[in-house]
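Reader: I've got a two-chain model open and I'd like to talk it through with you. Could we go over it piece by piece?

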Amino acid sequence: MTVTFLMDGKEVIADENKTLLEIARENGIDIPTICFHEVTTANALCRICVVEVEGQRVLQPACIVKGASNMKVQTRSEKVVRARRTILEMLASTMDLSEASEIQMMMYEYGASSSRFPDAERRESEIKDDNPMYVRDYSKCLLCWRCVQVCAEDAQYTFAINFDGRGFETQIGTFFDRTIPETSCVLCGQCVAVCPTGALKPKREFLLEKGISPQEISVLNTGRKKRK
Amino acid sequence: MIKPDRIVTTTCPYCGVGCNLQLHVKDEHIFKVTSPFDSPVNHGNLCVKGRFGYDYVYHPKRVTTPMIRKTLQKAGERTQAFDLSEWRETTWDETLNYVADRLVEIYKRDGSDAMAVYACAKATNEDNYLLQKMYRAIFRTNNVDHCTRLCHAGSVVALQQATGSSAMSNTASQVIQNDVFIVTGSNTSENHPIIALQMKEAVRQHGAKMIIIDPRRIELVEFAEMWLPLKPGTNVPVFSAMAHVIVKEDLVNSEFIQNRTEGFNDFIESLDKFTPEYAEEISGVPAEDIRKAARMYATANKAAIYWGMGISQLSHGTASALALINLAFLTGHIGREGTGLNPLRGQNNVQGASDMGCMPFHYPGYMRVDNPDNRAKWEKAWNIKAGGLSLKLGLTTTEILSHAHEGGVRALYIMGENPMMSEPNLNETRKHMQQLEFLVAQDIFMNESGAFADVFLPATPFAEKDGTFSNTDRRVQRVRAAHAPRGQARVDWQIICDLAQRLESKLEVDSAYWKYSNPEEILREMGNVNSDYAGITYERIDKVGLIYPVPDMTHPGTPTLFKESFPRGRGKFHPLDYIPAKEAPSDEYPFILTTGRVLEHWHGGSMTRNSVLNEAYPEARVEMNPADAEIHGIRNGDPVKVKSRRGEVILRATVTEKTSVGVVFIPFHFAEAAANLLTNDVLDPQAKIPEFKACAVQVFPVRKKNLPNPDAILQRGRY
């Protein structure tokens with residue numbers, strides 16, 4: 001079955017099971033995404049993909065809402081642009097976006113100011129360097145949930161990490177805050193691959209960035225006595 | 001953030017899954033590995049080895065200069081030289097001339113039977129094709145083999161006898177189409193991690209039912225409908241009892257049996273003795289579970305079998321695989337999508353090295369060497385006078401070493417293998433290695449076997465070469481260099497071409513042709529004779545690999561085999577007998593030892609023990625069941641000695657339910673506690689595969705000071 005409706009004033013025809021985001025992309029309409037990833041289940045967490053649907057009280061997340069006949073969708077209305085800009089400004093006020101190049105591009109595109117909320121409390125935490133393969137810097141984490149999803153049923157079925165804490169204190173964590181080697185983690189790095197902000201980073205890349213040479217890294221690796 | 005100078009797409013060098021990798025290169029150095037999410041093989045997922053285990057390429061211990069031993073080694077007195085002060089660094093010219101002189105001298109004196117070569121399931125198709133070409137065309141010997149002999153030889157022989165083919169019948173990505181599937185003798189989560197993800201997806205997202213038949217409580221058991229914990233070495237009675245149930249309860253696919261198979265009547269007669277109760281007595285698997293599993297497999301619409309070394313690495317490995325094949329023939333679960341007989345191949349290119357003819361009985365394309373028609377084809381391809389190539393079957397991996405004596409094999413060339421870790425009964429292997437008159441090692445590290453050599457030829461790992469690998473589901477994929485070889489290291493196929501031309505000129509014979517300008521020319525030469533690869537060009541596999549057979553340039557590949565018929569015509573049922581493993585537990589040796597791999601390491605450890613992976617799993621461990629541990633007064637982490645009739649090792653114990661009562665497990669990666677010192681070198685009579693999966697051992701506590709120091713191993717080698 002197909003559905004026919006208006007998107008940005010243009011008639012679109014699509015399969016009834018497709019989301020507004022998929023339909024937009026098929027029709028060359030750009031809707032930004034942050035938490036959405038082609039290999040993870042869409043959860044509408046970040047809300048950057050919201051669009052305006054006529055007759056709906058609030059903006060609708062395009063990554064999970066399906067197209068329906070006779071819908072009228074605006075992907076760049078003033079309300080939509082303001083919502084996206086505000087989301088970006090809130091992110092920029094509370095976390096470290098220095099390695100999130102796609103989000104930086106969006107901020108430029110939407111004219112978002114990183115100083116709009118000067119009193120915001122920043123989500124800062126120490127770098128967790130507790131395993132040989134990757135480091136976790138949750139100051140850079142925007143809680144997109146992709147890492148948790150690929151660790152669970154979207155790829156790995158390992159269930160080593162999950163949301164921890166509530167509200168502002170929410171963070172990605174392990175059960176009982178154990179170190180990674182003490183969890184069910186198999187160090188596959190699926191989580192590193194889908195991280196959009198550099199919060200998860202391969203250890204080798206992390207060490208090279210710190211200016212440690214490949215030769216020095218090799219010695220670190222084999223001189224196990226130097227480590228615990 | 002590091003911005004890459006370039007991103008190079010290639011294929012993972014570890015297991016047979018063949019995951020697609022993107023190497024992020026900065027300043028001629030890989031700093032990160034990712035995978036494309038649209039990869040048809042692994043969908044962007046990798047395991048710890050593929051994603052993080054590439055750093056061995058840059059390890060300071062890597063040998064990148066050609067070297068010759070300072071002291072001339074004599075047969076019978078050959079020693080290992082790990083210390084590089086015992087080697088002299090030389091030039092390629094001097095080294096290859098020396099190799100050519102010594103090989104020619106031995107060949108002229110003792111003839112073809114004195115020459116032998118181990119090919120390499122880690123190297124490319126192109127490297128392997130040329131290596132067997134060099135030995136067959138120049139030395140006229142079929143003494144060519146590689147580690148397929150030690151992993152799936154039983155499966156290959158069984159599949160050839162029963163179907164005429166020797167690879168997975170279906171692709172791994174078809175797992176999600178299965179309604180029921182059996183995983184047996186395979187710890188898939190650790191050995192083929194990405195296929196295990198697809199198995200879990202099949203169960204959790206697509207409603208498939210998984211049956212595990214394995215002595216260990218492997219991770220997949222958590223996702224399984226049933227777990228049949230059989231004793232090691234009792235495959236044939238369990239699978240044959242399943243066949244017994246399928247026949248007795250009339251769950252057979254009569255149409256398939258009638259139209260596609262032969263030998264059914266003889267086969268059902270042989271099943272009489274294999275009642276589920278008989279199988280229970282031998283294997284320990286409850287008869288009722290055998291019945292239930294048989295019904296589940298037989299009555300499914302689409303069912304498949306996936307198996308690993310637990311089937312093939314036995315002195316009756318061929319029979320074990322035949323027992324699985326019989327099940328597929330009885331039920332017709334073969335020749336359709338989502339069904340099949342699927343041996344999960346271990347190495348990244350063990351399928352390819354076999355396809356390239358690196359086996360003593362076959363030319364490339366599984367063409368028997370004792371068939372004069374096949375010989376004529378390769379004589380034509382290699383510019384050899386009619387009747388020049390040998391019709392004599394060559395020696396297998398294990399036989400090559402056991403024939404290392406006066407009048408037998410005198411010179412051995414090893415490309416990338418490490419028999420001093422991977423052969424069974426290493427104390428015996430050591431004696432054989434000592435008997436060699438001349439030994440060449442072409443490798444990247446000075447490993448336990450290379451240390452025995454006269455000459456070390458520094459070759460390149462996957463990240464420094466172009467070519468192709470063929471993965472476990474017959475998909476031929478591109479391998480691309482991320483950067484130039486380190487130091488003076490050279491690409492394997494170029495070393496072989498250089499050496500081959502020196503050999504030909506010293507022997508004053510016509511050239512079989514070695515002047516390739518790129519690896520694709522090599523693949524084309526092979527594909528012109530081997531029809532499976534006839535339609536494969538680098539251009540066609542630039543983005544996505546092709547699944548052979550690809551008989552012509554427009555053929556799209558063959559993901560599912562045997563749709564219409566089997567290569568041998570009809571599938572052949574094989575009546576079987578139960579032959580127990582050679583060693584049964586006794587009062588003196590009460591445990592059965594089974595060996596295998598762990599997620600973080602690879603085989604003899606040349607790569608992974610020189611990698612950050614070694615930090616994740618730094619020392620050898622023996623797994624034993626808590627009930628056994630308690631009886632012997634062993635706690636988790638205690639040092640123990642494990643002793644068989646052939647050798648002993650000292651290592652720490654991991655007390656875990658993962659291993660069944662009466663069974664202990666040791667991974668074979670660790671030189672300081674090499675599991676293969678213990679294993680039994682008894683061979684399967686047809687496939688010549690050793691019995692790695694079952695031997696009798698004793699285990700007792702020792703003092704901590706007896707533990708070997710792994711750092712002693714790690715410090716060997718360069719610098």
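Reader: Into which domains is chain B divided, and what are their bounds?

Author: Keep in mind that this is a predicted model. One domain of chain B, domain 2, is written as three stretches, 67-147 + 359-424 + 445-547. The full division of chain B is domain 1 (6-58), domain 2 (67-147 + 359-424 + 445-547), domain 3 (153-344) and domain 4 (591-714).

Reader: Which strand of chain B gives the most to the side of domain 1 that touches domain 2?

Author: The centres of domain 1 and domain 2 of chain B, taken over C-alpha atoms, are 26 Å apart, and 17 residues of domain 1 are in contact with 15 residues of domain 2. On the domain 1 side, the elements giving two or more residues are strand 1 (6-11) and strand 2 (20-25) of chain B. By class, that side has 11 nonpolar, 5 polar and 1 charged. The top contributor there, with 4 residues, is strand 1 of chain B.

Reader: Over to the interface: which helix supplies the largest share of the side of chain B that touches chain A?

Author: The contact involves 27 residues from chain A and 30 residues from chain B. Elements of chain B that each supply at least two residues are strand 3 (30-34), helix 1 (48-52), helix 7 (193-206) and helix 22 (613-616). The chain B side splits into 17 nonpolar, 7 polar and 6 charged. Its largest share, 4 residues, comes from helix 7 of chain B.

Reader: In what order do the strands of the closed barrel in chain B run?

Author: Take the pairings one at a time. Strand 24 (residues 621-624) of chain B pairs with strand 26 (residues 648-655) in the parallel sense over 4 bridges, while 2 bridges join strand 24 to strand 27 (residues 663-667), and those run antiparallel. Strand 25 (residues 639-643) and strand 26 of chain B are antiparallel too, with 5 bridges. That fits a barrel of 6 strands with mixed pairing, in the order 23-27-24-26-25-30.

Reader: Which residue stands opposite B:E623 in strand 27 of chain B?

Author: Side chains in a regular strand alternate between the two faces of the sheet. In strand 24 of chain B, B:R621 and B:E623 point one way and B:V622 and B:M624 the other, all of them buried. B:R621 stands opposite B:R652 in strand 26 of chain B. Opposite B:E623, in strand 27 of chain B, is B:F665.

Reader: Now chain A: how many residues of domain 2 does domain 1 contact?

Author: The assignment gives chain A domain 1 (1-119) and domain 2 (134-226), with C-alpha centres 28 Å apart. The domain 1 side of that contact has 9 nonpolar, 4 polar and 3 charged residues. In all, 16 residues of domain 1 are in contact with a domain 2 count of 15 residues.

Reader: Why do two strands of the open sheet in chain A each have one side without a neighbour, and which strands are they?

Author: The sheet has 5 strands in the order 2-1-5-3-4, with mixed pairing. Strand 1 (residues 2-7) and strand 5 (residues 72-74) of chain A run parallel, joined by 2 bridges, and A:M7 stands opposite A:V73 there. Two strands stand at the edges with a single partner strand each, so one side of each is left without a neighbour: strand 2 (10-15) and strand 4 (60-61) of chain A.

Reader: Is A:G111 buried or exposed?

Author: A:G111 is in the loop between helix 3 (101-109) and strand 6 (134-136) of chain A. The cut-off for an exposed residue is 12 or fewer other C-beta atoms within 10 Å. A:G111 has 10 such atoms within 10 Å, so A:G111 is exposed.

Reader: Where in chain A does pLDDT stay under 50?

Author: Chain A averages a pLDDT of 94, and 96% of the residues score at least 70. Where pLDDT is low, the predicted coordinates should not be read in detail. The stretch with pLDDT under 50, which has 3 contacts beyond four places in sequence, is residues 223-228 of chain A.

Terms used. Residues numbered from 1 in each chain as written. Chains lettered and ligands numbered in written order. Predicted model: local features only at pLDDT ≥ 70, side-chain atom pairs only at ≥ 80, totals over all residues. Domains from an automatic or database assignment. Contact = placed C-beta atoms within 7 Å. Nonpolar A, V, L, I, M, F, W, Y, C, P; charged D, E, K, R; others polar. pLDDT = per-residue confidence, 0-100. Buried ≥ 20, exposed ≤ 12 C-beta atoms within 10 Å, placed from the backbone. Pairing = 2+ DSSP bridges.
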